[in-house]
Amino acid sequence: GFILAAWLAVTAAAAGTGLYGTDPWLGIGVAVPLVLGLLSLRLPAVTAALSDASAAAALAAVQVLRVVGGVFLALLALDRLPPGFALPAGIGDVLVGLLAPFVAYALWRQPSRRALGIAFNALGLLDLVVAIPLGLLHAPGRLQLIITEPTTEIMGLLPMALIPTFVVPLAIVLHIASLRLLTRRTGHDGTPAATAELVAP
């Protein structure tokens with residue numbers, strides 16, 4: 001929690017100075033928390049927390065925050081974002097966010113329903129894997145290959161910059177943590193068999 005709060009403060013300050021409006025800082029703002037988040041999955045405290053039988057349901061429930069992606073659709077309607085980015089990113093995020101509580105409830109009631117959890121996490125990751133490059137390809141700079149008006153320049157400014165530099169990396173890490181948990185060898189009741197397997201190479 002402390003690390004998340006610290007990064008939120010750092011990335012908000014960086015966005016406030018306009019740093020993410022220049023290459024390659026927005027990409028760095030996405031990559032740094034993503035790498036640190038993935039490394040944190042190997043910490044003993046995180047491993048212990050993810051060994052709980054209800055962890056898969058909790059990880060799915062957190063993804064309800066993805067409904068914040070609906071703001072992309074609102075900005076599209078206001079002509080502040082290009083449809084080539086806003087439509088797939090917005091619809092995908094809202095869909096994942098709406099499905100999250102139902103998947104979480106299903107996993108809480110029956111932890112052995114791993115296929116459902118795996119499919120949900122795969123959908124969530126696919127949405128993000130598509131949205132990130134689309135955002136970059138529509139953004140002004142060296143990587144812009146899709147020329148539109150408006151661009152995705154607003155994604156480097158507050159408050160929107162917090163989505164690619166905080167929400168997106170966190171969502172990716174949670175999806176990966178959930179997938180690693182759901183694909184581990186389980187007992188007869190569908191609960192994790194060995195905590196150590198979460199950090200196995």
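Biologist: Where is V35 found?

Modeller: A helix here is a DSSP run of H or I with at least four residues, and helices are numbered from the N terminus; V35 is found in helix 2, which covers residues 25-40. This is a predicted model, in which local features need pLDDT of at least 70 and side-chain atom pairs count only at pLDDT 80 or more, while totals for chains, interfaces and linings use all residues. Residues are numbered from 1 along each chain as its sequence is written, and side-chain values use heavy atoms, with hydrogens and water left out.

Biologist: Is V35 buried, partly exposed or exposed, and how should I read such a label?

Modeller: The label depends on relative accessible area, found with a 1.4 Å probe on the protein chains only: under 20% is buried, over 50% is exposed, and anything in between is partly exposed. V35 has a relative accessible area of 46%, so this residue counts as partly exposed.

Biologist: Which residues make the nonpolar surface patch?

Modeller: A nonpolar patch joins side chains of Val, Leu, Ile, Met, Phe, Trp or Tyr within 5 Å, from residues with over 30% relative accessible area and no salt bridge, and the areas come from the Shrake-Rupley method with a 1.4 Å probe. In this model V35 belongs to such a patch together with W25, I28, V32, L36 and L39, and the patch amounts to about 520 Å².

Biologist: How many salt bridges does the structure hold?

Modeller: A salt bridge is a side-chain nitrogen of Lys or Arg within 4 Å of a carboxyl oxygen of Asp or Glu, and the structure holds two. In one, D93 pairs with R66, with the closest N and O atoms 3.0 Å apart. D93 lies in helix 6 (residues 83-109) while R66 sits in the loop between helix 4 (55-62) and helix 5 (70-77), so this pair ties together parts that are 27 residues apart in sequence.

Biologist: What does R66 form with D127?

Modeller: R66 forms a salt bridge with D127, the closest N and O atoms being 2.8 Å apart. That pair links distant parts of the chain, 61 residues apart, since D127 belongs to helix 7 (residues 114-137). Salt bridges that share partners thus join R66, D93 and D127 into one network.

Biologist: Are the residues of this network buried or exposed?

Modeller: R66 has a relative accessibility of 3% and therefore counts as buried, D93 is buried at 7%, and D127 is buried as well.

Biologist: Which residues does R66 touch, beyond those near it in sequence?

Modeller: Contact means heavy atoms within 4.5 Å. Setting aside neighbours within four places in sequence, R66 is in contact with D93, V94, V96, G97, G124, D127, L128, A171 and H175. H175 has its place in helix 8 and is buried, at 0% relative accessibility; its contacts, by the same exclusion, include Q63, F120, N121 and L125.

Biologist: What lines the largest pocket, and how much space lies in it?

Modeller: On a 1 Å grid over the protein atoms alone, a pocket is an open set of points with protein on both sides within 12 Å along at least five of seven lines, whereas a cavity is a set where a 1.4 Å probe fits but cannot get out; lining residues have an atom within 4 Å of a point. The largest pocket holds about 690 Å³, and of its 24 lining residues the closest to the centre are L4, G37, S40, L170 and V173. Helix 8 gives the largest share of that lining, seven residues.

Biologist: What is V173 in contact with?

Modeller: V173 lies in helix 8, residues 162-182, and is buried, with a relative accessible area of 8%. Apart from neighbours within four places in sequence, V173 is in contact with L34, G37, L38 and L41. The C-alpha atoms of V173 and P33 are separated by 9.3 Å, although these residues are 140 residues apart along the chain.

Biologist: How many cavities are there, and what lines the second largest?

Modeller: The count comes to two cavities of 30 Å³ or more, and the second largest has a volume of about 40 Å³. Its lining includes R66 and D93, along with F72, L128 and V167, and helix 8 gives the largest share, three residues.

Terms used:
Helix = DSSP H or I, 4+ residues; strand = E, 2+ residues; numbered from the N terminus. Patch = residues over 30% accessible without salt bridge, like charges linked within 9 Å, V, L, I, M, F, W, Y side chains within 5 Å. Points joined across faces, edges and corners; volume = space filled by probe spheres on them.
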